[in-house]
Amino acid sequence: MSTTGAAADPLAALGSLPGVTDSVESVRKAVDRVYGHRIMRRRSNEITSEAALRGARGSAALSGADWALEEVRRRTDFGADAEARVMGAALRLTAEAGQLLSIWRQSPLRVLARLHLVAAADNSDEVGRPRHTGEPVDEPLVELPLPEAKEMSGRLDGLAELIIAGSSAPALVTAAVVHGELLALRPFTSYNGLVARTAERIVLIGSGLDPKAICPAEVGYAELGRAAYLAALDGYVSGTPEGMAAWIAHCGKAVELGARESTAVCEALQRGAA
């Protein structure tokens with residue numbers, strides 16, 4: 001998303017695109033429903049923990065590690081192979097997200113660097129910093145043209161400036177732009193998808209839309225499928241009003257499905273307590 005010559009609040013302008021207002025309202029209703037569930041008054045910590053686990057599983061699935069939920073619960077070794085490392089990274093990122101809320105609005109680039117460190121979990125030179133010219137990017141499931149390092153760096157700085165400046169845009173719009181821009185830029189040499197979805201989670205939590213992190217959009221993305229995810233991302237990268245609106249709507253639908261997932265967890269807990 002280029003901010004050159006843009007209005008003072010380009011994120012707010014996206015909120016007025018056709019269909020986006022409806023998506024924002026639909027998401028708000030879905031989130032309100034799960035927060036209003038009677039189980040949330042007594043067992044919200046359990047719902048948050050379960051949402052974190054399911055969200056991590058969903059994010060990993062989009063990055064090539066599509067494991068059954070019970071397999072994620074059972075496993076303790078997340079370094080055995082490539083899929084296990086992806087799953088371990090997703091779980092670590094989900095746990096880390098809540099610790100970075102206070103830093104995000106002041107220093108989003110610092111948070112992104114921390115997220116990459118947590119995901120990669122090693123001390124390689126390229127970990128925890130934006131990629132340099134000529135460095136390859138390991139993100140095989142996203143086949144979009146890769147911006148050059150200089151362009152990537154400029155756009156990443158622009159995104160950080162938007163976050164620090166703040167916006168009157170709905171949380172869904174800001175979260176969708178952060179997510180889409182990070183996927184388009186792929187600023188790190190690895191784990192960009194996981195980092196992008198975690199950054200979206202941070203925005204949704206920190207904005208107050210989902211303060212208890214019980215509406216895991218990652219669950220929704222996995223349910224909607226990788227093909228739909230990549231098609232919507234193509235819309236974002238196109239930069240057209242229609243493409244941007246379609247990406248925001250896709251992100252909104254994912255949040256709604258995440259809220260539905262946690263509502264089902266609430267219902268199961270309620271039946272067990274009855």
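**Notes on helix packing and loop residues**

1. Phe78 sits in the loop that joins helix H4 (69-74) to helix H5. The model discussed here is a predicted one. Leaving aside neighbours within four places in sequence, Phe78 is in contact with Trp67, Val72, Ala84, Arg85, Met87, Gly88 and Leu91. Ala222 is not in that list; 144 residues separate Phe78 from Ala222 along the chain, and their C-alpha atoms are 20 Å apart.

2. Helix H7 deserves a longer look. H7 has 13 residues, and the distance from its first C-alpha to its last is 18 Å, close to the 18 Å expected at 1.5 Å a residue. Which residues of H7 are buried? They are Pro108, Val111, Leu112, Ala113, Leu115, His116, Val118, Ala119 and Ala120. The cover over these buried residues includes helix H5 (82-97), helix H6 (101-104), H8, helix H9 (171-185) and helix H10 (192-206).

3. One of the helices covering H7 is H8. H7 (residues 108-120) and H8 (residues 149-165) pack with their axes 9 Å apart, at an angle of about 120 degrees. Because of that angle, H7 is oblique to H8. On the H7 side, the contact is made by Pro108, Leu109 and Leu112; on the H8 side, by Leu156, Asp157, Ala160, Ile163 and Ile164. Sorted by class, this contact has seven nonpolar residues, one charged residue and no polar ones.

4. Arg114 also belongs to helix H7. Is Arg114 buried, partly exposed or exposed? Its relative accessible area is 37%, so Arg114 is partly exposed. Not counting neighbours within four places in sequence, Arg114 is in contact with Glu96 and Leu100. Ser102 is twelve residues away from Arg114 along the chain, and the C-alpha atoms of the two are separated by 13 Å.

5. Leu112 of H7 comes up again in the nonpolar core. The largest nonpolar core has 84 residues, and within it Trp104, Leu112 and Trp247 touch the most other members. Trp104 touches Leu112 itself, along with Val111, Ile163, Val178, Ala199, Ile202 and Val203, when residues up to four places away in sequence are not counted. Two of the names in this point, Val111 and Leu112, are among the buried residues of H7, while Ile163 is one of the H8 residues in the contact with H7.

6. A second helix pair to check is H10 with H11. Their axes are 10 Å apart and the packing angle is about 135 degrees. H10 and H11 are therefore oblique to each other. The residues in contact are Arg197, Glu200 and Arg201 from H10, with Ala217, Glu218 and Tyr221 from H11. By class, four of the contact residues are charged, two are nonpolar and none is polar.

7. Cys215 lies in the loop between H10 and helix H11 (217-224). Cys215 counts as buried because its relative accessibility is 3%, and the cut-off for buried is under 20%. Apart from neighbours within four places in sequence, Cys215 is in contact with Val31, Val34, Tyr35, Asp210, Val255, Gly258 and Ala259. Tyr35 and Cys215 are 180 residues apart along the chain, and their C-alpha atoms are separated by 9.5 Å.

8. Backbone angles come next. Most residues other than glycine have a negative phi. Ala121, just after H7, takes a positive phi of about 55 degrees. Arg186, in the loop between H9 and H10, has a positive phi near 40 degrees. Arg186 counts as buried because its relative accessibility is 3%. Tyr191, found in the loop between H9 and H10, is not a glycine but has a positive phi of about 60 degrees. With a relative accessible area of 18%, Tyr191 is buried.

9. Ser190 is also placed in the loop between H9 and H10. Is Ser190 buried or exposed? At 14% relative accessibility, Ser190 counts as buried. Leaving aside neighbours within four places in sequence, Ser190 is in contact with His116, Asp138 and Glu139; His116 is one of the buried residues of H7. Val137 is 53 residues from Ser190 in sequence, and the two are 5.8 Å apart in space, C-alpha to C-alpha.

Note on methods
Residues are numbered from 1 along each chain as its sequence is written. This is a predicted model: local features need pLDDT of at least 70, side-chain atom pairs count only at pLDDT 80 or more; totals for chains, interfaces and linings use all residues. Side-chain values use heavy atoms; hydrogens and water are left out. Axes are lines fitted to C-alpha atoms, for helices over the stretch in contact, and angles run from 0 to 180 degrees between N-to-C directions. Helices (H or I, at least four residues) and strands (E, at least two) are DSSP runs, numbered from the N terminus. Angles under 35 degrees count as roughly parallel, over 145 as roughly antiparallel, 65 to 115 as roughly perpendicular and the rest as oblique. Contact means heavy atoms within 4.5 Å. Ala, Val, Leu, Ile, Met, Phe, Trp, Tyr, Cys and Pro count as nonpolar, Asp, Glu, Lys and Arg as charged, and the others, Gly among them, as polar. The expected span of a helix is 1.5 Å times one less than its number of residues. Buried means under 20% relative accessible area, exposed over 50%, partly exposed in between (1.4 Å probe, protein chains only). A nonpolar core is a set of buried Ala, Val, Leu, Ile, Met, Phe, Trp, Tyr and Cys residues joined through side-chain atoms within 4.5 Å.
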